[in-house]
Amino acid sequence: QGYEGLVEGGDNIKQANWLSVSNIIQLGGTVIGSARCKAFTTRAGRLRAARNLVEHGITNLCVIGGDGSLTGADIFRSEWGGLLEELVRDGQISEEVAQENCRLNIVGLVGSIDNDFCGTDMTIGTDSALHRIMEVIDAITTTAQSHQRTFVLEVMGRHCGYLALVSGLASGADWLFIPESPPEDGWEDLMCERLGE
(Lines give C-alpha, C1' and ligand atoms only; values in the text may rest on other atoms or scores of the structure.)
Protein backbone atom coordinates (compact mmCIF):
# COMPACT_ATOMS: atom_id res chain seq x y z
CA GLN A 1 0.00 0.00 0.00
CA GLY A 2 2.83 2.44 -0.74
CA TYR A 3 3.80 4.75 2.11
CA GLU A 4 0.72 3.62 4.04
CA GLY A 5 2.30 0.16 4.16
CA LEU A 6 5.60 1.62 5.37
CA VAL A 7 3.92 3.58 8.16
CA GLU A 8 1.57 0.78 9.26
CA GLY A 9 4.16 -2.01 8.95
CA GLY A 10 3.05 -5.47 10.06
CA ASP A 11 1.74 -7.64 7.21
CA ASN A 12 2.13 -4.74 4.77
CA ILE A 13 5.87 -5.43 4.62
CA LYS A 14 6.69 -8.88 3.30
CA GLN A 15 9.18 -10.42 0.95
CA ALA A 16 7.99 -11.10 -2.57
CA ASN A 17 8.60 -14.62 -3.83
CA TRP A 18 7.78 -16.59 -6.98
CA LEU A 19 4.41 -17.63 -5.62
CA SER A 20 3.33 -14.12 -4.64
CA VAL A 21 4.26 -12.58 -8.00
CA SER A 22 3.26 -15.36 -10.36
CA ASN A 23 0.49 -14.48 -12.80
CA ILE A 24 0.50 -10.72 -12.15
CA ILE A 25 2.71 -9.48 -15.00
CA GLN A 26 -0.31 -8.63 -17.16
CA LEU A 27 -1.93 -6.59 -14.35
CA GLY A 28 -1.49 -2.91 -13.59
CA GLY A 29 1.24 -1.97 -11.14
CA THR A 30 -1.35 -1.10 -8.52
CA VAL A 31 -1.84 -4.83 -7.96
CA ILE A 32 0.60 -4.39 -5.04
CA GLY A 33 -1.62 -1.68 -3.61
CA SER A 34 -1.62 2.07 -3.69
CA ALA A 35 -2.80 4.59 -1.12
CA ARG A 36 -2.56 8.24 -0.30
CA CYS A 37 -0.95 8.51 3.12
CA LYS A 38 -1.53 11.58 5.24
CA ALA A 39 0.60 10.12 8.03
CA PHE A 40 3.69 10.06 5.79
CA THR A 41 3.37 13.81 5.23
CA THR A 42 4.19 14.27 8.94
CA ARG A 43 7.52 13.68 10.65
CA ALA A 44 5.83 11.34 13.14
CA GLY A 45 4.58 9.19 10.27
CA ARG A 46 7.99 9.13 8.61
CA LEU A 47 9.52 8.18 11.98
CA ARG A 48 7.19 5.15 12.16
CA ALA A 49 8.09 4.25 8.57
CA ALA A 50 11.80 4.47 9.38
CA ARG A 51 11.30 2.23 12.43
CA ASN A 52 9.49 -0.36 10.31
CA LEU A 53 12.21 -0.35 7.64
CA VAL A 54 14.99 -0.71 10.21
CA GLU A 55 13.07 -3.52 11.89
CA HIS A 56 13.06 -5.43 8.59
CA GLY A 57 16.63 -4.50 7.65
CA ILE A 58 15.48 -2.65 4.54
CA THR A 59 17.85 0.05 3.32
CA ASN A 60 16.84 0.17 -0.35
CA LEU A 61 13.56 1.63 -1.59
CA CYS A 62 12.18 1.75 -5.10
CA VAL A 63 9.50 4.44 -5.15
CA ILE A 64 7.18 4.42 -8.15
CA GLY A 65 4.75 7.31 -8.29
CA GLY A 66 4.02 10.86 -9.21
CA ASP A 67 4.87 14.20 -7.68
CA GLY A 68 3.61 13.36 -4.19
CA SER A 69 5.38 10.01 -3.97
CA LEU A 70 8.70 11.30 -5.27
CA THR A 71 8.59 14.44 -3.13
CA GLY A 72 7.90 12.22 -0.12
CA ALA A 73 10.87 10.03 -1.04
CA ASP A 74 13.17 13.04 -1.22
CA ILE A 75 12.01 14.32 2.18
CA PHE A 76 12.39 10.84 3.69
CA ARG A 77 15.91 10.57 2.27
CA SER A 78 16.94 13.97 3.60
CA GLU A 79 15.57 13.21 7.09
CA TRP A 80 16.85 9.63 7.33
CA GLY A 81 19.86 10.36 9.57
CA GLY A 82 17.78 12.52 11.92
CA LEU A 83 15.03 9.90 12.08
CA LEU A 84 17.55 7.23 13.12
CA GLU A 85 19.02 9.56 15.75
CA GLU A 86 15.55 10.13 17.16
CA LEU A 87 14.83 6.39 17.25
CA VAL A 88 18.10 5.83 19.15
CA ARG A 89 17.36 8.71 21.54
CA ASP A 90 13.89 7.27 22.26
CA GLY A 91 15.38 3.82 22.89
CA GLN A 92 13.50 2.22 19.99
CA ILE A 93 16.69 1.03 18.29
CA SER A 94 20.28 0.61 19.41
CA GLU A 95 23.23 2.67 18.22
CA GLU A 96 24.58 -0.45 16.46
CA VAL A 97 21.33 -0.97 14.53
CA ALA A 98 21.35 2.70 13.54
CA GLN A 99 24.91 2.30 12.23
CA GLU A 100 23.95 -0.82 10.24
CA ASN A 101 21.08 1.09 8.62
CA CYS A 102 22.75 4.50 8.36
CA ARG A 103 22.31 4.77 4.60
CA LEU A 104 18.95 4.74 2.81
CA ASN A 105 19.20 4.20 -0.96
CA ILE A 106 16.23 5.35 -3.00
CA VAL A 107 15.46 4.89 -6.67
CA GLY A 108 12.57 7.02 -7.93
CA LEU A 109 10.58 6.00 -11.00
CA VAL A 110 7.88 8.20 -12.46
CA GLY A 111 4.68 6.19 -12.39
CA SER A 112 1.83 8.37 -13.56
CA ILE A 113 -0.78 7.67 -16.21
CA ASP A 114 -0.84 11.42 -16.93
CA ASN A 115 2.48 11.32 -18.85
CA ASP A 116 3.22 14.79 -17.51
CA PHE A 117 6.87 14.46 -16.51
CA CYS A 118 9.62 15.95 -18.65
CA GLY A 119 12.72 13.98 -19.53
CA THR A 120 10.97 10.72 -20.30
CA ASP A 121 9.14 9.62 -23.44
CA MET A 122 6.33 7.93 -21.54
CA THR A 123 5.78 7.52 -17.83
CA ILE A 124 5.03 4.12 -16.29
CA GLY A 125 1.31 3.45 -16.52
CA THR A 126 0.52 5.67 -19.50
CA ASP A 127 0.71 2.93 -22.12
CA SER A 128 -1.50 0.49 -20.21
CA ALA A 129 -4.01 3.30 -19.47
CA LEU A 130 -4.21 4.13 -23.19
CA HIS A 131 -4.73 0.47 -24.05
CA ARG A 132 -7.62 0.23 -21.56
CA ILE A 133 -9.20 3.41 -22.91
CA MET A 134 -9.00 2.13 -26.48
CA GLU A 135 -10.53 -1.22 -25.46
CA VAL A 136 -13.49 0.65 -23.97
CA ILE A 137 -13.84 2.92 -27.00
CA ASP A 138 -13.75 -0.09 -29.35
CA ALA A 139 -16.43 -1.78 -27.26
CA ILE A 140 -18.84 1.17 -27.18
CA THR A 141 -18.32 2.38 -30.76
CA THR A 142 -20.47 -0.36 -32.30
CA THR A 143 -23.18 0.32 -29.72
CA ALA A 144 -23.09 4.03 -30.52
CA GLN A 145 -23.33 3.31 -34.24
CA SER A 146 -26.16 0.78 -33.97
CA HIS A 147 -28.20 3.04 -31.68
CA GLN A 148 -27.20 6.19 -33.59
CA ARG A 149 -26.30 7.91 -30.36
CA THR A 150 -23.53 10.11 -29.12
CA PHE A 151 -21.42 8.75 -26.28
CA VAL A 152 -19.44 10.86 -23.83
CA LEU A 153 -16.30 9.24 -22.44
CA GLU A 154 -14.38 10.71 -19.52
CA VAL A 155 -10.81 9.59 -18.92
CA MET A 156 -8.45 10.19 -16.04
CA GLY A 157 -5.64 12.69 -16.12
CA ARG A 158 -6.46 15.35 -13.53
CA HIS A 159 -4.76 18.51 -14.89
CA CYS A 160 -3.17 16.81 -17.88
CA GLY A 161 -5.09 16.10 -21.08
CA TYR A 162 -2.58 13.69 -22.62
CA LEU A 163 -4.75 10.56 -22.28
CA ALA A 164 -7.82 12.36 -23.59
CA LEU A 165 -5.92 13.89 -26.51
CA VAL A 166 -4.16 10.72 -27.66
CA SER A 167 -7.20 8.46 -27.22
CA GLY A 168 -9.34 11.08 -28.97
CA LEU A 169 -6.95 11.12 -31.93
CA ALA A 170 -6.73 7.33 -32.02
CA SER A 171 -10.49 6.85 -31.94
CA GLY A 172 -11.47 9.72 -34.22
CA ALA A 173 -13.46 11.52 -31.52
CA ASP A 174 -15.69 14.32 -32.77
CA TRP A 175 -15.11 16.59 -29.78
CA LEU A 176 -12.50 16.80 -27.08
CA PHE A 177 -12.08 18.73 -23.85
CA ILE A 178 -8.64 18.99 -22.27
CA PRO A 179 -7.53 21.23 -19.40
CA GLU A 180 -4.63 22.72 -21.37
CA SER A 181 -7.03 24.21 -23.89
CA PRO A 182 -10.30 25.23 -22.21
CA PRO A 183 -13.25 25.71 -24.60
CA GLU A 184 -13.96 29.22 -25.82
CA ASP A 185 -17.28 30.96 -25.31
CA GLY A 186 -19.98 29.59 -27.56
CA TRP A 187 -18.45 26.12 -27.72
CA GLU A 188 -21.86 24.52 -27.12
CA ASP A 189 -23.28 25.83 -30.39
CA LEU A 190 -20.16 24.90 -32.32
CA MET A 191 -20.19 21.38 -30.88
CA CYS A 192 -23.88 20.89 -31.72
CA GLU A 193 -23.23 22.09 -35.25
CA ARG A 194 -20.29 19.71 -35.62
CA LEU A 195 -22.26 16.76 -34.28
CA GLY A 196 -25.20 17.65 -36.50
CA GLU A 197 -22.93 17.33 -39.52
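**Figure 1. The second largest pocket and its lining in the predicted model.** The second largest pocket has a volume of about 950 Å³, where a pocket is an open set of points on a 1 Å grid over the protein atoms alone at which a 1.4 Å probe fits, with protein on both sides within 12 Å along at least five of seven lines, and a volume is the space filled by probe spheres set on the points, which are joined across faces, edges and corners. Its lining comprises 32 residues, and Phe151, Val152, Leu153, Ala173 and Trp175 lie nearest the centre; a lining residue has an atom within 4 Å of a point. At least two lining residues come from each of α6 (126–147), α7 (162–171) and α8 (187–196), with α6 giving the most, six residues. By class the lining holds 18 nonpolar, nine polar and five charged residues, with Ala, Val, Leu, Ile, Met, Phe, Trp, Tyr, Cys and Pro counted as nonpolar, Asp, Glu, Lys and Arg as charged, and the others, Gly among them, as polar. This is a predicted model, in which local features need pLDDT of at least 70 and side-chain atom pairs count only at pLDDT 80 or more, while totals for chains, interfaces and linings use all residues. Residues are numbered from 1 along each chain as its sequence is written, and side-chain values use heavy atoms, with hydrogens and water left out.

**Figure 2. Helix α3 and its packing.** Helices are DSSP runs (H or I, at least four residues) and strands are runs of E of at least two, numbered from the N terminus. The 14 residues of α3 (residues 43–56) should span 20 Å at 1.5 Å a residue (times one less than the number of residues), and this agrees with the end C-alpha atoms, which are 20 Å apart. Gly45, Arg46, Leu47, Ala49, Ala50, Asn52, Leu53 and Val54 are the buried residues of α3, buried meaning under 20% relative accessible area, exposed over 50% and partly exposed in between, with a 1.4 Å probe and protein chains only. These buried residues pack against α1 (3–8), β1 (60–65), α4 (67–89) and α5 (95–100), contact meaning heavy atoms within 4.5 Å. Just after α3, Gly57 takes a positive phi of about 70°.

**Figure 3. Three loop residues.** Arg103, in the loop between α5 and β2 (105–110), counts as exposed at 59% relative accessibility, and touches Thr59 and Trp80, leaving aside residues up to four places away in sequence. Asn23, in the loop between α2 (18–21) and α3, has a positive phi near 65° and is exposed at 64%.  Arg158, in the loop between α6 and α7, has a positive phi near 45° and is exposed at 62%.
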